[in-house]
Amino acid sequence: MAVSRALLLRLTLRNGGGERQIETGENRGNLRWAWVLTLGLGGLDWIWADRAGLAFVGWLRPACVLLFLLAVGFIYGYSGRNRRLSDAGNYAALWVAFSASGAVFTYLCATLAMPLRDAEFIAIDAAIGFHWLEWARFIGTHRVFQLPLFIAYATFLPQIVGSILYFAHTEQTARNAEMIWIAMLSLILTTIVSALLPAVGPYVHFYGRPTDDIVVLMSLRAHGAQSFLINSLQGIITLPSFHTVLAIVFIYVHRPPSRSFVPVAILNVLMLIGIPSEGHHYLIDMISGTVVAVGCIAIVRAAMGKESVAPMVASASTVRDAV
């Protein structure tokens, strides 16, 4: 049976009456089209930034990191010495490139300066029965709850890096492809929605103490010529909550038969609980983030097709023959 052309091959290994499913295989087409989207967004950023009078500086360090990761992906892939390192390098490079272009895109969209919607979001939360001030005060007075929520919320970036390495090491290339595609579509969509429905968030609204990200947001809305260091860009999206999006995506891409599912699910449930207090988000931010995550997951599943989402099943002898 030919398996080299498949994006994913799910192998069923029978051991003592039980089954353990392993995913392997790859499809470079997913990487190529992801790079096309990344470069296209970067081109849009460059044109828009020039017209908006915004400058993004300090590209040397991320460019060096990007080139190093691309070199790792190419050298180990071309030579065939280590497919796992090749996958790790290729997907990590794509994450670095798209994160930079996506972050710049959030800043540019903020210059649209649409009316702030905090009052409406607070009213929606109240209609649901959620009151941010009460929740924040409860968490703040119970350190036994706040500490694990803060730690879980701070694992945003480590989970991205850890997932890339884990899926590359376990040869679950399709999971890496799913993760980057869902994240890319979600970030673009959340950025557009946040530009149309901007907000400063409940912490700033109720306490009147601007955080670093909101200081940046308000300066962008003022339409002045400004310069930003690429390594110091802030997360300025309030609705939909992108932390909510990625928490759901992490749980989804680590789904069974991946052995990482249980710890990842526990960690991201804690992150979801901590998003209102630690991330200064309204409940409606999380609800809209959930809608975005589910919608983008459905789009990627449909686009990748049955071959990647519901792979073939083979016996252990088929594995040996394929190898």
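**Figure 1. The buried side of helix α4.** In this predicted model, helix α4 spans residues 118-128, and its buried residues are D118, F121 and D125. Looking down the axis of α4, you will find these buried residues within an arc of 65 degrees, so they line one face of the helix. Which elements help to cover the buried residues of α4? Among them are α9 (202-207) and α13 (283-304).

**Figure 2. The other side of α4 and the residue that follows.** Here we turn to the rest of the helix. A119 and A127 are exposed, on the other side of α4 from the buried set. Just after α4 comes G129, whose phi is positive, at about 105 degrees.

**Figure 3. The cavity and the residues closest to its centre.** How many cavities of 30 Å³ or more does the structure hold? There is one, and the volume of the largest cavity is about 130 Å³. Its lining is made up of 18 residues, and those closest to the centre are A110, S194, A195, P198 and L217.

**Figure 4. Where the cavity lining comes from.** Three elements are worth picking out in this view: α3 (83-110), α8 (173-196) and α10 (212-221) are those that give two or more residues to the lining of the largest cavity. What classes of residue make up this lining? By class, 13 residues of the lining are nonpolar, four are polar and one is charged.

Note on methods. Residues numbered from 1 in each chain as written. Predicted model: local features only at pLDDT ≥ 70, side-chain atom pairs only at ≥ 80, totals over all residues. Heavy atoms only, no water. 1 Å grid on protein atoms, 1.4 Å probe; cavity = no way out; pocket = protein on both sides within 12 Å on 5 of 7 lines; lining within 4 Å. Points joined across faces, edges and corners; volume = space filled by probe spheres on them. Helix = DSSP H or I, 4+ residues; strand = E, 2+ residues; numbered from the N terminus. Nonpolar A, V, L, I, M, F, W, Y, C, P; charged D, E, K, R; others polar. Buried < 20%, exposed > 50% of the residue type's maximum accessible area, 1.4 Å probe, protein only. Arc of directions from axis to C-beta. Contact = heavy atoms within 4.5 Å.
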